[in-house]
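These notebook entries record what I looked up in one model, entry by entry. I began with a strand and its surroundings and then moved outward.

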Amino acid sequence: MNGRLMKDLEELGGEIRPASFKKCDEIIIDQPGFSATIALWGGHLKSFVPAGQEDLLFQSSQPGGEGRFSRQHFGIPVCWPWFGAHEVHDDYPAHGLARYFRWEFIEAGHFKNGDVKIVIRLASEDHPLIEEMWPQAFELRQVFRFSRKGFRINFSAANLSDQPMAVSEALHTYFNVSDNQTAQVHGLDQVAYVDKFDNGDRKLQNGIVTPCDTMDRVYLSAPETCEIQDLGLQRRLVIHTEGSNSTILWNPGAEIAKQRTDMMDEDFRRFVCVEAGNALSDAYEIPPGGIHQLKLKVKHKPLLTE
Ligand SMILES: O=P(O)(O)OC[C@H]1O[C@@H](O)[C@H](O)[C@@H](O)[C@@H]1O
């Protein structure tokens, strides 16, 4: 990293710290209104803590394994360029490759209104293993925008090849909730979804989603806005997306959580994944030379109950 970038980061109250996760650096921004951590491994926004509040994002204490494709569960993994299992190679990891490589930190600064800006990048040419797994050239960027009200991610994917690029994807947000049994997801009423825990049956959402337990659902042609209401933390997390047609809700529930070696048995009680993406029939193609942007905005607000 060059000296100029380091200086720009310091001016934001930021620093780079070596982290134990994959022995890869993290960018930490510590400001009066919030603190944020970006793990360069996988380009994860790992944590966003507004002043005086709990993290908006879940952190598992299970450290995951040592191999490249092992996972620790926290923050917002980037699932790209395939969502779910790879269609041809069953030895490739589920949910693409972007979360398994080191991203490059390329910019730190401010937006005009004073919000903090951090930019990271991953290009196929950076890692021979990426080129082996995905022969079409690409460049990914994530522009993070932080303020005391919340965060935004502008994820963009450029197809640098001369062929159309078939993509399915998600910003796989692990939201931190006080209890998945009482957490509620609002905003999906009357939206059709594919129930992956029920043989991929198509169903229609009726009302709010609660409890957020043992569910693996892809809501297709989903609205741009939904929200989590957390009675225990007395807060609302308002989620707004652009360039995302699918909203994926996932929580493994007790039985699957117990079977998984990369999760603590009780982890599932403290998160709800509400993912912005394009999956199943919402998958699409980026034309040669084209760019697709997937935007996620999350604001925290108090839950006003009587
Ligand atoms: O790869 P992770 O972070 O463990 O998440 C796995 C889950 O991610 C969800 O997005 C999928 O819909 C589930 O089918 C899958 O099991």
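**Entry 1. Strand β4 and its partner**

I first checked β4 (44-50) for burial, where buried means 20 or more other C-beta atoms within 10 Å of the residue's own, exposed means 12 or fewer, and partly exposed lies in between, with C-beta atoms placed from the backbone. In β4, 6 of the 7 residues are buried, so the strand is largely enclosed by the rest of the structure. I took strands as DSSP runs (E, at least two residues), numbered from the N terminus; helices are likewise DSSP runs (H or I, at least four residues). The model is predicted: local features need pLDDT of at least 70, side-chain atom pairs count only at pLDDT 80 or more, and totals for chains, interfaces and linings use all residues. Residues are numbered from 1 along each chain as its sequence is written.

I then looked for the partner of β4. Strand β3 (residues 34-39) runs antiparallel to β4, and 6 bridges join them; two strands are said to pair if DSSP finds at least two bridges between them. S35 stands opposite V49 in β4. The two strands form a hairpin with 4 residues between them, and G42 in the turn has a positive phi of about 80°.

**Entry 2. The four-stranded sheet**

I traced the sheet that holds these strands. It is an open sheet of 4 strands in the order β1-β2-β3-β4, with antiparallel pairing. β1 (14-18) and β4 stand at its edges with a single partner strand each, so one side of each has no neighbour in the sheet. From one strand to the next the twist averages 20°, with axes fitted as lines to C-alpha atoms (for helices over the stretch in contact) and angles running from 0 to 180 degrees between N-to-C directions. At the other end of the order, β1 pairs with strand β2 (residues 25-30) in the antiparallel sense over 5 bridges. The bridge partner of R17 in β2 is E26.

**Entry 3. Q62**

Is Q62 buried, exposed or partly exposed? Q62 has 16 C-beta neighbours inside 10 Å and therefore counts as partly exposed. I located Q62 in the loop between β4 and β5 (78-79). Leaving aside neighbours within four places in sequence, I found Q62 in contact with Q72, D262, M263, M264 and D267, contact meaning C-beta atoms, placed from the backbone, within 7 Å. Q62 and D267 are 205 residues apart in sequence, yet their C-alpha atoms are 8.9 Å apart in space.

**Entry 4. The eight-stranded sheet**

I followed a further open sheet, formed by 8 strands in the order β6-β7-β8-β9-β22-β18-β17-β13 with antiparallel pairing. β6 (104-110) and β13 (184-186) stand at the edges with a single partner strand each, so one side of each is left without a neighbour in the sheet. The twist here averages 15° from one strand to the next.

Within this sheet, I examined β8 on both sides. Strand β7 (residues 116-123) is joined to β8 (residues 138-147) by 8 bridges, antiparallel. I118 stands opposite F144, and the bridge partner of K117 is R145. Strand β9 (residues 150-159) is joined to β8 by 10 bridges, also antiparallel. V143 stands opposite N154 in β9, and a hairpin of 2 residues joins β8 to β9.

**Entry 5. Strand β20 and the core**

I looked up the largest nonpolar core, a core being a set of buried Ala, Val, Leu, Ile, Met, Phe, Trp, Tyr and Cys residues joined through C-beta atoms within 7 Å. It has 77 residues, and those with the most contacts inside it are I38, L171, F175, V185, V272 and V274. Strand β20 (residues 271-278) contributes its largest share, 5 residues.

In β20, 8 of 8 residues are buried. F271, C273, E275 and G277 point one way, V272, V274, A276 and N278 the other. I noted three antiparallel partners of β20: β11 (residues 169-171) over 3 bridges, β12 (residues 174-176) over 3 bridges and β19 (residues 246-251) over 5 bridges. C273 is the bridge partner of Y174 and of W250.

Terms used. Contact = placed C-beta atoms within 7 Å.
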